[in-house]
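The following exercises concern charged side chains and their partners. Please work through each task before reading its solution.

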Amino acid sequence: ASPAADPETGNVYALGVGASLIALSADGKLLWQRSIGEEFAAFTTHGGRTMSPMIDGDLVIVSAAVSNWGTQANRAHRIIALNKRTGEIVYVSNPGGRPYDTAYAAPTIATINGTRMLIVGLGDGAVHAIKSQTGEKVWSYVVAKRAINTGVVVSGSTVIISHGDENLTGNQMGMIAAIDGSQTGDIKEAKWAHYGEQFGFSSPLLDGSRVYQIENGSRLKAYDIESGKELWTQPLGTAQKAPP
């Protein structure tokens, strides 16, 4: 995970591979730390995937595959919000199901139809939207049999999602799709989708009416946001023969 800097305070927040969250002042002084790993029994896979912290108002928001207590003792990829000044936990949100593995998708904050949401893919193979200040679930869209590791982009109420693993049906790997982010609950259908393109690492980018993303074979692809039409493909690398 990359660290996150807060423009209001100048503080820097970092989440380590053991789910230890630290807050540093602009000059490097330790302000507070919380061991999410010890407090919530976090588990790690694939080299310690962790989500980069997200700052939203007075909150620093992180995510980890953890267990909780009592009725929440089940293993889940939860979203945890803390007071950015004190480290006090404000909410723990569990919008999805049991994770297949950990994930490092970059979270996105967007306002759709007046609702401010944090949108992120988690280890249960779904993209989830929660109210960023309260943790209340807005919607979920399950798309893969493994973790989602790419971020999303938002254009109006359209959310572009992608992944590079097994789809729920068929034998093709990977997909890119657009969903209507103004919905609530469990979303069942996409506005458009392309299957068989593996977007496992690089997150999409928007430019006007187009979305760009690099697939696992190092090809940059462009799509029309509204229709999903593929506009062009640009290889970014070439194989060369070794010198004799």
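**Exercise 1.** In this predicted model, determine what kind of contact joins the side chains of R219 and E197, and where each residue lies.

*Solution.* Step 1: the N to O distance between the two side chains is 3.5 Å. Step 2: the cut-off for a salt bridge is 4 Å, so R219 and E197 form a salt bridge. Step 3: R219 belongs to strand 20 (residues 219-224), whereas E197 sits in the loop between strand 17 (192-195) and strand 18 (205-207). The pair, 22 residues apart, thus links distant parts of the chain.

**Exercise 2.** Classify R219 and E197 as buried, partly exposed or exposed.

*Solution.* Step 1: R219 has a relative accessibility of 32%. Because this value lies between the limits of 20% and 50%, R219 is partly exposed. Step 2: E197 has a relative accessibility of 16%; being under 20%, E197 is buried.

**Exercise 3.** Which salt bridges does K221 form with E197 and E230, and is K221 buried or exposed?

*Solution.* Step 1: K221 meets E197 in a salt bridge of 3.4 Å, N to O. This pair also links distant parts of the chain, with K221 in strand 20 and E197 in the loop between strand 17 and strand 18, 24 residues apart. Step 2: K221 forms a salt bridge with E230 as well, in which the closest N and O atoms are 3.0 Å apart. Step 3: K221 has a relative accessible area of 1%, so K221 is buried; E230, at 33%, is partly exposed.

**Exercise 4.** State how many salt bridges the whole structure contains, and name the residues of one network.

*Solution.* Step 1: the search finds 15 salt bridges. Step 2: a network of salt bridges links D6, E8, D58, K84 and R85.

Notes: Residues are numbered from 1 along each chain as its sequence is written. This is a predicted model: local features need pLDDT of at least 70, side-chain atom pairs count only at pLDDT 80 or more; totals for chains, interfaces and linings use all residues. Side-chain values use heavy atoms; hydrogens and water are left out. Helices (H or I, at least four residues) and strands (E, at least two) are DSSP runs, numbered from the N terminus. Buried means under 20% relative accessible area, exposed over 50%, partly exposed in between (1.4 Å probe, protein chains only).
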